[in-house]
Each structure stands twice: as structure tokens, then as C-alpha cells.
Amino acid sequence: MGETVKLIIEGKTIELPVLTGTEGEKAIDISRLRELTGYITLDPGMANSGSCTSSITFMDGEKGILRYRGIPVEELAEQSTFVETAYLLVKGRLPTKKQLNRFSISLNDNSLVHEDMQFFYQNFPRASHPMGILSSMVNALRSFYPELEGLSQTEEINMTVTRLLSKLRTLAAMSYKISRGHKVIYPRPDMCYCSNFLNMMFDTPVRPYEIDDDLVQALNVFWILHGDHEQNCSTSTVRVVGSARVNLYAAISAGIAALWGPLHGGANQAVITMLEEIHSSGSDVTPFLKRARDKNDPFRLMGFGHRIYKTHDPRGKIIKSVCDRVLKKLRRHDPLLDIAQKLEEVALKDPYFIDHHLYPNVDFYSGIVLRALGIPTNMFTVMFAIGRLPGWVAQWKESTEDVNWKLHRPRQIYTGPSETAYVPIDKRKNTI
Ligand code: ACO
């Protein structure tokens, strides 16, 4: 037996195996704990529990490290494209030129969505949030693209993955066009993934969209930075839902719903709302910081803090430099950027934020980049979802290939009443 730890429970000593990851992280394997002792562990929010082993993404929250398949995110942001990074995440290695070319062609070939799906959009109330629409549309994809006969399971999965990666982007752009009452713009074979998205969003029959390579590059970086983030809330959701052996579309649809929350992907929208509020109240950040420090006030500084990072989020640093580059290129001044910089400067010196290890996360500056690209605020989390899709897919695939793949079914400690007799309705006392 390798390394173990001893646990003494009610005078009985048991040994539990220790697992060590490639970066030296350690875990106590408690999979036989209940069988051996009758005890379970309790870990609200799963902050101390590993739900799986994974070879996709490594992050070190104390040192601010993030790597996909071993490659630092900084290097990918500098040298890769979103499509290449998606390939890396999903297939586990960087593609050769030929593989990348073939992958790009298959994404292009699958970029159209069934024409009837347009009618779905018409029936959502006008004020519907795009994340709710996107989650429903992705679930609906399964009905339009059922399993193909004659394909092996691997071919079937590869086809579904390609469809999802390509069509999510089309569905997102379509939802924007339809919400504005504009003509839907189709994907074009002569454009790369990111240019195609911008073109589908902003091209109109009366004003052709001019592709700007710097903005395309900014979008590539934005999506690369969101590619994967190990077992976060939405990824865990994809794994949990996937463990019931649902189809990939349904699992991704659930992941999108989880990402929508303001404590998770919805934070990029919440940051802009907060910065706008500060702006309209006179741009003084002091009262907002005071509120964030107040235990009795539910207000939190959006875009600050992270469950894993207890130092600077490495993605935050990169997105901040993208933000500077994009605004410079567009020769645009965004007053919200001034407020964000002020907020960051003051918060990083504030004892509350220092003591709580609260640093800006990826969402803090990403909203300003998206605004500069022309993306409306309510689409910000949709942008996050497109970026995170390769990670969700990679994690889902890994879980299905895991020999220990099990239905996800945690236990609990029950704290309700002990056995209680049923009282017939005419004998119940009015308790109000
Ligand atoms: N502003 C003020 N106080 C904060 C903040 C914040 N943004 N974040 C955490 N805290 C405080 C909490 O009040 C708590 O204080 P206490 O210990 O004195 O009671 C302490 O820090 C720990 O907070 P938790 O919520 O327990 O920490 P957790 O690890 O669960 O939180 C989270 C992580 C949810 C991201 C949190 O920092 C937060 O709400 N941030 C704002 C929302 C946000 O930016 N989310 C995006 C995350 S990144 C992503 O998903 C892409």
C-alpha cells in the first residue's frame, strides 16, 4: 500500500489511502469511509472535497497559476487561438497544422442551425435573459440533432462536440439579432471562428461590419481565458448532470444555467451594473467599499474574490492588458474603466480586502472589454458560456471515460424531526 493516513473513530483506527497529483496536491481517499466506520464527511460548498481526478486543468490558487493540459494560460493567450485552445482542451494535445485545419473546417461545416430553431426565439417574451434562452436552445438541439445511426460511440461524441462548439456561437449571435428585430446573419466559410461571431453579431444589410484584427485577437484571448477552470460550479454541474448518463446537450444546457448565477459567470454583468451605479452616483468608490465591508449588508464588490484564488487571478492580469489595448486601439475613453481602476487601487490597500484575500477576478475587467467590442451587457454571460464550452465538453468527456464514473449522489446529515405520526386534517391544530 502507498501512503496512508490514520483516522481514529470511536477508538478504532482505520487507514485511508492518500492520492498525490502530478503537482504534489494531496487527497485522502474516503471512498470506503462509510463502509468502514458508518461516518460520512460534511463539506458545505465542497470547498475541501475533490469530486474527481482530472488531467485537464491545473490551478494553484495561492500562487495564481492556471494551465490547460500543462500549458500556462499566459502562453496560450499570447500565442494560441480560441479554436486551437478548444482542440487542446477537448482532445488533450495541441493539434498539428493539418489537424487544426480539419477541425476548423468541421466547425465551419457545422455552423448552421436548423432553420426551424429561429421560430423558438420568436416565442420568448422580449425581456427574457439570453442565458435562459441559450440554455433552452442548447437543450432543444438534441431534438433537432438526434443520435446518428451507424456511427460508433466515439464518432457520435465527436460529431456532437463539433456541433456544439460551432452552433453555440451561431445560436448566441442569432439570439442577439432576433432580440433587436434584425435580420439573422449567417456564418461565413471565409472567416475564422471569432471573426465569424463578430460578423454574425454586427453585420447588417445596410452597414457591413468591418473586421478589425485587433478586436478579433481580443475576443480570442477573452475566450481562451474562459476555456476551463477545473471543478467550478458550472463544470461540476455538467459532470453531475452527465453522471445520470444524459446526452451531452442536456448536460451543457444545465452548465449554462449554473453559469448564469451572479456569484459565478453572471458576475461579469454584475460588475458593469455596479460600475454604472458608482458612475451615476458621482463616481465616488468609498461608500461602495464601505458597504462591501459591512457584515450586515449583502452587497459584495462584484469581480472581487474567488473560491480558489487567494492572490491575483492570472486571467485578471491578462484581461486588464487586453482592456487597455482595445480601448487604445478604439481611441475610446470609458469612464467605467477609471472607476474600476480606482476601485482596484483602493481595495488592494484596504485591510478588509487584504485580510480576506480578495483580489480582482477575471470578471472585473472583462465587461469593459466586451463593452468596447460592442457586446450588450445582458450578453456578457453568454460570451463567457461560449468560452467555457470546450472546458465543459472536455470535462464531460473525461468523466464518461473514467473507469470510476458513477452516478453522482452525495449523502447528507438529516436534521429534521424524528419519526412523527400522520395527523388527519380535521385533528390538526391551527399553528398560525
Ligand atoms: N466583497 C466583499 N466581501 C467578500 C467578497 C466580495 N466580493 N467576496 C468574499 N467576501 C467575504 C465574505 O463576506 C466572507 O467574509 P467573512 O468571512 O468575514 O464572513 C469571506 O470573504 C469569504 O466569502 P465566501 O463567500 O465564504 O467565499 P467563497 O470562496 O465562497 O466566495 C465568491 C467566492 C463567491 C466568488 C465571492 O468572492 C464573491 O461573492 N465574489 C463576488 C462575485 C464574483 O465576482 N464572482 C465571480 C467569481 S469568478 C468566476 O466565477 C468566473
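**A guided tour from helix α3 to the ligand**

Begin by selecting helix α3, where Phe-82, Val-83, Glu-84, Thr-85, Ala-86, Tyr-87, Leu-88, Leu-89 and Val-90 are buried (under 20% relative accessible area, with exposed over 50% and partly exposed in between, for a 1.4 Å probe and protein chains only). Helices (H or I, at least four residues) and strands (E, at least two) are DSSP runs, numbered from the N terminus. The model is predicted: local features need pLDDT of at least 70, side-chain atom pairs count only at pLDDT 80 or more, and totals for chains, interfaces and linings use all residues. Residues are numbered from 1 along each chain as its sequence is written, and side-chain values use heavy atoms, leaving out hydrogens and water.

Helix α3 spans residues 82–91, and 9 of its 10 residues are buried, so the helix is largely enclosed by the rest of the structure. Step on to Gly-92, which follows α3 and has a positive phi near 95°.

Next, display strands β4, β5 and β6. They form an open sheet in the order β4-β5-β6 with antiparallel pairing; two strands pair if DSSP finds at least two bridges between them. The edge strands, each pairing on one side only, are β4 and β6 (71–72).

Select β4 (residues 57–60) alone: Thr-57 and Met-59 on one side, and Phe-58 and Asp-60 on the other, are all buried, so that both faces are covered. Adding β5 (residues 65–68) shows antiparallel pairing with β4 over 4 bridges. Within this pair, Thr-57 has Tyr-68 as its bridge partner, and Phe-58 stands opposite Arg-67. The hairpin has 4 residues between the two strands, and Gly-64 takes a positive phi near 70°.

Move to helix α10 (residues 233–242), whose buried residues are Ser-234, Thr-235, Thr-237, Val-238, Arg-239 and Gly-242. Show α11 (248–259) and α18 (380–401) as well, since the buried residues of α10 pack against both (contact means heavy atoms within 4.5 Å).

Finally, centre on the ligand. It is surrounded by 19 residues, the closest being Lys-295, Arg-300, Leu-301, Gly-303 and His-356 (a residue is near if one of its heavy atoms lies within 4 Å).

Which backbone atom lies 2.9 Å from a nitrogen atom of the ligand? An N or O atom of Phe-304 does. Two side chains reach ligand oxygen atoms: an N or O atom of Lys-295 at 2.6 Å, and a polar atom of Arg-300 at 2.8 Å. The ligand taken alone exposes 920 Å², of which the protein buries 76% (Shrake-Rupley method, 1.4 Å probe).

Definitions and conventions:
Polar contact = N/O pair within 3.5 Å; in protein donor to acceptor, adjacent residues only side chain to side chain.
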